[in-house]
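Thanks, everyone. I would like to talk today about cysteines and aromatic rings, so please have a look at the sequence and the structure first.

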Amino acid sequence: MMLRPGYPLSQESFPFDVLLDDIVLTHSLFLPTEKFLQELHQYFVRAGGMEGPEGLGRKQACLAMLLHFLDTYQGLLQEEEGAGHIIKDLYLLIMKDESLYQGLREDTLRLHQLVETVELKIPEESQPPSKQVKPLFRHFRRIDSCLQTRVAFRGSDEIFCRVYMPDHSYVTIRSRLSASVQDILGSVTEKLQYSEEPAGREDSLILVAVASSGEKVLLQPTEDCVFTTLGINSHLFACTRDSYEALVPLPEEIQVSPGDTEIHRVEPEDVANHLTAFHWELFRCVHELEFVDYVFHGERGRRETANLELLLQRCSEVTHWVATEVLLCEALGKRAQLLKKFIKIAALCKQNQDLLSFYAVVMGLDNAAVSRLRLTWEKLPGKFKNLFRKFENLTDPCRNHKSYREVISKMKPPVIPFVPLILKDLTFLHEGSKTLVDGLVNIEKLHSVAEKVRTIRKYRSRPLCLDMEASPHHLQTKAYVRQFQVIDNQNLLFELSYKLEANSQ
């Protein structure tokens, strides 16, 4: 590769197109994107001083690299101002070189189209119209918001967020998704200045994430993109340092009261299909490069992993939803029926090739507060006990998740994988070998990382088609599935469990 002397460009084990994809997917491990593009620009300029086939070949390689880069990154480049300038300059250089057009007309046309559609962010140019504010999970539970098709988040997107005070009053701010803690506190301070709150309350504010369990995390002023890293029922609090110790979580959002919840009124097929449809939307929103950035912490940082973080949060939410629904069901017979329904839902999700939902439901049933309900599990028919044991074997992590890997290897796209396992595999690749060896890029590592990312591409290579007939309860079920209300405080889940069956082992 032209970026590092000694980097081997051609190897029999890595055809050019594969090597090209490897570099584009993984270059941030050893070279920031802006620097990568600068090197590409200089490479093209140097090729201009060469005559004959060698110079032309280098220019054509540069064109191929830029094409693949733009095709892969697309919307991510809207967040990288410096990269936009370099790409525009390189694009103009390429388009001026008549020698490239010989036999490459389709490539140059494709380059022109990509540069037009990527919408690079350059300040001197006219600013695009203001974007619509996007709702995040658990922000303003509105039916119209949750029923909308999910679209990918970017760091410049704006959201509404509530920031609470120690007395549980709150202010609503409008903020960029990538906003720093300092920016958030600035917006809160401005809001408080126009409120009727006592003067001075906004002085020397700090921002704290408070979980439903009472755990507190003090956020540093320079931290950014905090919204998508919050726990399911965590909230942001602004307070003075003197009131930090007195912060307590908001009252439980779930009202623990007798009576059947929505889960008792819906069919397993409807729930499973809506789970799969929603999780496919979320999975499609995750750019394949987010997996690399999440594990390797590239220079784009957390702002470009927002969609992946939301998908991981959703997985946790589904797991806690299963446990919550079971533990809120007071009647023993109905509770056993609920276990049966959840096992059916897991089976249907597996049938849909939605292994993310399948895993989440099984893990919810395996929650210690649920699995200890001996009387409830004893009332489950033997057929469903056996089926659940098979599901537990499939999700067993022994032998590096051998059972799961065998099952997913036989599936054809579309597939929704168990995403945390992909991140685990990437982490193993990262920690198991060095990125640079003797000052040269370890292409074996880059290839292994890129191969793992390409599996994500394969899973999404065909559209999801579910037979979901509209029914009077269709929208109600859809809304229910897309905004679960859950208890994520394990201590509270155990309290509910012991109230149901005090002596279960």
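When I speak of a ring pair, I mean rings of Phe, Tyr and Trp (its six-membered ring) whose centres lie within 6.5 Å, with planes under 30 degrees apart counted as stacked, over 60 as edge-to-face and the rest as tilted. Please keep in mind that this is a predicted model, in which local features need pLDDT of at least 70 and side-chain atom pairs count only at pLDDT 80 or more, while totals for chains, interfaces and linings use all residues. Residues are numbered from 1 along each chain as its sequence is written, and side-chain values use heavy atoms, with hydrogens and water left out.

Searching the whole structure gives 15 aromatic pairs. One of them joins Phe 358 and Tyr 359 edge-to-face, at 6.4 Å centre to centre and 90° between the planes, and both residues are buried, meaning under 20% relative accessible area with a 1.4 Å probe, protein chains only, where over 50% would be exposed and anything in between partly exposed. Ring pairs link Phe 358 and Tyr 359 with Phe 391, Tyr 404 and Phe 418 into a cluster.

Trp 377 and Phe 388, both buried, make a tilted pair, because their ring centres are 5.2 Å apart and their planes lie at 35°.

As for the cysteines, how many disulfides are there, taking sulfur atoms within 2.5 Å as the rule? The count is zero. Cys 315 counts as buried because its relative accessibility is 6%, and Cys 349 is buried too, at 0%.

How values were computed: A disulfide is a pair of cysteine sulfur atoms within 2.5 Å.
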